[in-house]
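Please read the points below with the structure open. They are numbered so that each can be taken up on its own.

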Amino acid sequence: MDSQNNEIRGGIAPAENSQIQGQPEPISVAANEAAVEEKPSAFKRVLNIVKTVLVWMVVVFAVGMMIFTIVSVNTFDQSDRGVFGYKFFIVRTDSMSATHFNAGDIVIVKDVDVRELKAGDVITFVSQSSDNYGETVTHMIREVTTDRDGSIAFVTYGTTTGVNDEALATFIVGKYQTRIPKLGTFFAFLKTTPGYIVCILIPFLILILSQGITCVKLFLQYRREQTAELEAERAKIEAERQETQKMMAELMALKAQLTADAEKSATPANGEVPAEAESAAPSQEEASEPTVENSETDGSVQ
């Protein structure tokens with residue numbers, strides 16, 4: 001039994017040690033491969049940065065257009081509405097293009113006390129002339145005067161033509177401060193259907209589409225990660241199963257070897273008779289001799 005135990009101790013342990021020493025390190029290699037795969041390339045990083053910047057630009061543009069539309073609809077060309085005392089009007093003609101602003105510009109005017117106005121100031125007023133009655137006009141003051149009721153009124157004219165307006169300016173909206181070039185043209189386009197589609201609807205659709213694509217990509221990435229985890233778990237289980245089968249095969253082989261060694265030790269070699277059989281043979285011969293003597297004795301007596 002000691003020799004058998006020595007065989008077991010000396011045969012199995014080195015095999016296991018050699019197997020362990022000879023095995024590669026699959027975990028570290030797999031981890032390195034996963035790290036290499038997960039590490040994004042420089043091109044992908046730049047592409048992600050550009051995409052993020054573009055998305056935020058679209059967001060800012062769309063939100064800006066929405067705010068601008070809401071504010072402009074409620075304030076532009078509204079003589080009774082303003083922001084902190086300032087009012088905004090779109091220039092429709094070039095009557096003041098020679099000196100101050102052009103058609104398509106936005107003029108900014110501020111509330112003013114009419115008693116402070118003088119010749120040479122540019123004012124915005126509600127026209128009483130027959131050709132543009134009720135419209136908001138921004139012209140230069142030529143002369144300060146009074147109307148029929150004795151109230152302050154102004155003789156105005158356009159600097160491009162130099163011709164006085166038909167009626168006196170009495171309903172003063174404010175005094176001209178500055179202009180925003182061509183913003184009026186853009187606002188006029190924004191108020192049209194094509195302008196709404198191009199400046200508001202399409203940016204929001206692009207934003208929604210971009211977010212939808214991002215959500216789909218995240219979902220697919222999640223599915224891939226889940227699938228990879230399941231495959232890794234299955235591979236681990238399969239490796240454990242194969243290792244168990246290998247160990248069982250080694251144990252069965254060891255058991256068969258032990259059985260063969262036991263049978264070999266129990267069977268005599270080269271046909272030799274065991275010592276117990278040799279010792280038993282004389283006793284049988286001795287037992288047969290008294291029987292013969294007894295038979296001879298019986299014959300002589302008769």
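1. Lys-87 has a relative accessible area of 12% and therefore counts as buried. The model is a predicted one. The side chain of Lys-87 takes part in a salt bridge with Asp-111, where the closest N and O atoms are 3.6 Å apart. Lys-87 belongs to strand S1 (residues 86–90) and Asp-111 to the loop between S2 and S3, so the pair ties together parts that are 24 residues apart in sequence. Asp-111, at 44% relative accessibility, is partly exposed.

2. A second salt bridge joins the side chains of Lys-175 and Asp-121, at 3.8 Å from N to O. This pair also links distant parts of the chain, 54 residues apart: Lys-175 is in strand S6, and Asp-121 is in the loop between S2 and S3. Here the acid is the buried partner, since Asp-121 has a relative accessible area of 9%. Lys-175 comes out as partly exposed, with 26% relative accessibility. Lys-118 should be considered together with this pair, as Lys-118, Asp-121 and Lys-175 form a network of salt bridges.

3. Another salt bridge is found between Arg-234 and Glu-231, with 3.5 Å between the closest N and O atoms. Both residues are in helix H5 (residues 193–266), and they are three residues apart, about one turn of the helix. Arg-234 is exposed at a relative accessible area of 54%, and Glu-231 is partly exposed at 43% relative accessibility. Over the whole structure, the search gives seven salt bridges.

4. Where do the side chains of strand S3 (residues 122–126) lie, in the interior or at the surface? Five of its five residues are buried, so S3 is largely enclosed by the rest of the structure. In a regular strand, side chains point alternately to one face of the sheet and the other. In S3, Val-122, Thr-124 and Val-126 lie on one side and Ile-123 and Phe-125 on the other; all of these are buried, and both faces are covered.

5. S3 has paired strands to be checked as well. Strand S4 (residues 136–146) runs antiparallel to S3 and is joined to it by five bridges. Within that pairing, Phe-125 has Val-137 of S4 as its bridge partner. Strand S6 (residues 171–180) also pairs with S3 in the antiparallel sense, over four bridges. In S6, the residue opposite Val-126 is Phe-171.

6. The largest nonpolar core contains 12 residues, including Phe-89, Val-91, Met-96, Phe-101, Val-122, Val-126, Met-140 and Tyr-176. Strand S2 (106–110), S3 and S6 are the elements that give two or more residues to this core. Another core, of 11 residues, lies apart from it, with Phe-68, Phe-76, Ile-108 and Leu-190 among them.

7. Val-122 deserves a look at its contacts. With neighbours within four places in sequence left aside, Val-122 touches Met-96, His-100, Phe-101, Thr-138, His-139, Met-140, Lys-175 and Tyr-176. Of these, Lys-175 was met above as the salt-bridge partner of Asp-121.

8. Ser-129 is placed in the loop between S3 and S4. Its relative accessibility is 5%, so Ser-129 counts as buried. A polar atom of the Ser-129 side chain is 3.2 Å from the backbone nitrogen of Ala-167. Beyond neighbours within four places in sequence, Ser-129 is in contact with Asp-165, Glu-166 and Ala-167.

9. How many disulfides does a search of the whole structure find? The number is zero. As for cysteines, Cys-199 is buried, with a relative accessible area of 5%, whereas Cys-215 is exposed, with 53%.

10. One backbone value should be looked at. Most residues other than glycine have a negative phi. Lys-182, however, has a positive phi, near 60°. Lys-182 sits in the loop between S6 and helix H4 (183–190).

Key. Residues are numbered from 1 along each chain as its sequence is written. This is a predicted model: local features need pLDDT of at least 70, side-chain atom pairs count only at pLDDT 80 or more; totals for chains, interfaces and linings use all residues. Side-chain values use heavy atoms; hydrogens and water are left out. Buried means under 20% relative accessible area, exposed over 50%, partly exposed in between (1.4 Å probe, protein chains only). Two strands pair if DSSP finds at least two bridges between them. A nonpolar core is a set of buried Ala, Val, Leu, Ile, Met, Phe, Trp, Tyr and Cys residues joined through side-chain atoms within 4.5 Å. Contact means heavy atoms within 4.5 Å. A polar contact is a pair of N or O atoms within 3.5 Å; within protein, one must be able to donate a hydrogen and the other to accept it, and residues adjacent in sequence count only if both atoms are side-chain atoms. A salt bridge is a side-chain nitrogen of Lys or Arg within 4 Å of a carboxyl oxygen of Asp or Glu. A disulfide is a pair of cysteine sulfur atoms within 2.5 Å.
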